[in-house]
Amino acid sequence: YLHGRQLMATRRTADLEQSVQAFQQAVDLDPQFALAWVGLADSHMLLALYRFNGEAASIPIREQAVQRALSINPDIGEAYASLATIEDFKGREQEAEAAFRKAIELSPNYATAYQWYSNSIHDPLRSRESLELLLKASELDPRSSIIGNGLAGEYFAQGLYSRGEQQALRMIDLYPDQPQAYHRLFVYYVYSVGEYARGLQHARKMLEVDPGSADAMRHIAEVYLEIGDAKSFAAFQEEIAALNANHYLLGLTEFESAVKRGNDAAAAEAVNSLLPRIDEEAGDAREIAEFYLMAGDTDRARKMFVGSDPRWLQPESWQELIHQSPAASCVFSWILLHTGDTDLGAKLLDQTTTFLERDLPAAIEHVDRKRPDLCFLAGGDTEKALASLEEQMAHNHIWQWDVNHRLPLYDAIRDDPRFIALGREYTRRVDVQRRAIEAMDP
């Protein structure tokens, strides 16, 4: 059991595989060891996350292990924290929160309960609460690299970039052989501030300390795709295929590559292979919906959105969807407006725009990275849209700029000199990053 806990704490994929075996051995030796059943559930969850095999397959195993733990000891807080992660995966937000609160009530010194509770809060308007939970977890377990990296992630999510960067770099200094901080810095440098060369360095380091990380391989492949290095992109696709020829990420990056190249036929072929595997990945489903929009099939894009989450047609559920992904909400409001549901589309657009302009700026910095220009375009305000895009460029929020702006919403400004100038500046900045990466790879 102790060996399993130690292995699980590294978050390296090979260690997570061994932690599953260690916890299984513990429960085989002592079937009445409740905490070992909790460890078995948690190790299966983390292995699914870090291997990116999808959580769905791990749910039955985790449910059985958690129920076994609770049948042995119904007052074990650690089991309720594990149960909460299952409820969270199922989208049962109230049940997940109740389980986390029960976990903290029964085991108030269990730092992981606070950490995972924070992770489950997806509403940026609750960012202060999320941070307080992580700070409590850190107070209880100040040496935890996982919690320390969670703090870095929370700072980045709130747009507190300098604080997040400092926290992640501190974690690297303390725990250079663990992958999480390298991942946090990759996401920050690449997705948030367009520093692809620095991000690539951290993705490579992540892969060095965790050679089984499909996520690191995907990150590296994505950067090469963004800078137009087809040879290096293909090499890392082969790395992912060697890990698992049927890996979900392999199909997703093939799709992204086809969209990047403007090859609609190849993108459609990749979509067909992905569709059976995206039921639990709403974000990826929306990415495919946006491809249908680019291809001019608005009706199919609508079906994809609603198929990934029927709540898009339920106004009483909009608040959660808007708070989680305002950009997607802007796009879907445009879809509604262009598929006959003008009243519904106008209401969704108004609610989302209000959130972006009034509510969100009070909670986080860098609201422009949420792409409010999409809502401005859906509402016909091209001046606000262009000003928002110029702010994004000023902050170097340029990741996949060329692909994102193929959406039909941008037709209203596609020929505007300001928009054309922004596209040229994006190309220039990517070229700077390409040369920096080439200098790293002589």
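**Notes on helices 6, 7, 11 and 12**

1. A good place to start is the end of helix 11: just after this helix, glycine 194 adopts a positive phi of about 65 degrees. Please keep in mind throughout that this is a predicted model.

2. Helix 11 itself covers residues 180-192, which makes 13 residues. From first C-alpha to last, helix 11 reaches 17 Å, close to the 18 Å expected at 1.5 Å a residue.

3. Which residues of helix 11 are buried? They are Gln180, Ala181, Tyr182, Leu185, Phe186, Tyr188, Tyr189, Val190 and Ser192. These buried residues have a good number of neighbours to look at: they pack against helix 1 (2-10), helix 3 (34-51), helix 9 (145-157), helix 10 (161-174), helix 12 (196-209) and helix 13 (214-227).

4. Tyrosine 189 deserves a look of its own. This tyrosine sits in helix 11 and counts as buried because its relative accessibility is 1%, against a cut-off of under 20%. Leaving aside residues up to four places away in sequence, tyrosine 189 touches Glu165, Gly194, Glu195, Arg198, Gly199 and His202. Gly194 in that list is the glycine with the positive phi just after helix 11. As for glutamate 320, it is 131 residues from tyrosine 189 in sequence, and their C-alpha atoms are 28 Å apart in space.

5. From the other side, histidine 202 belongs to helix 12. Is histidine 202 buried or exposed? It is buried, since its relative accessible area is 13% and the limit for that label is under 20%. Its contacts, again not counting residues up to four places away in sequence, are Ile172, Tyr182, Leu185, Phe186 and Tyr189.

6. Now to another pair. The axes of helix 6 (residues 93-106) and helix 7 (residues 111-120) come within 10 Å and cross at roughly 160 degrees. That angle makes helix 6 roughly antiparallel to helix 7, because angles over 145 degrees count as such. The crossing is left-handed.

7. At this contact, Glu97, Phe100, Arg101, Ala103 and Ile104 of helix 6 meet Ala113, Tyr114, Trp116, Tyr117 and Ser120 of helix 7. By type, the residues of the contact divide into 7 nonpolar, 1 polar and 2 charged.

8. How many residues of helix 7 are buried? The count is 9 of 10, so helix 7 is mostly covered. Those buried are Ala111, Thr112, Ala113, Tyr114, Gln115, Trp116, Tyr117, Ser118 and Ser120. Besides helix 6, they pack against helix 3, helix 5 (77-89), helix 8 (127-140) and helix 9.

Terms used
Residues numbered from 1 in each chain as written. Predicted model: local features only at pLDDT ≥ 70, side-chain atom pairs only at ≥ 80, totals over all residues. Heavy atoms only, no water. Helix = DSSP H or I, 4+ residues; strand = E, 2+ residues; numbered from the N terminus. Expected span 1.5 Å × (residues − 1). Buried < 20%, exposed > 50% of the residue type's maximum accessible area, 1.4 Å probe, protein only. Contact = heavy atoms within 4.5 Å. Axes fitted to C-alpha atoms, helices over the stretch in contact; angles between N-to-C directions. Parallel < 35°, antiparallel > 145°, perpendicular 65-115°, else oblique. Left-handed = near helix turned anticlockwise from the far one by under 90°. Nonpolar A, V, L, I, M, F, W, Y, C, P; charged D, E, K, R; others polar.
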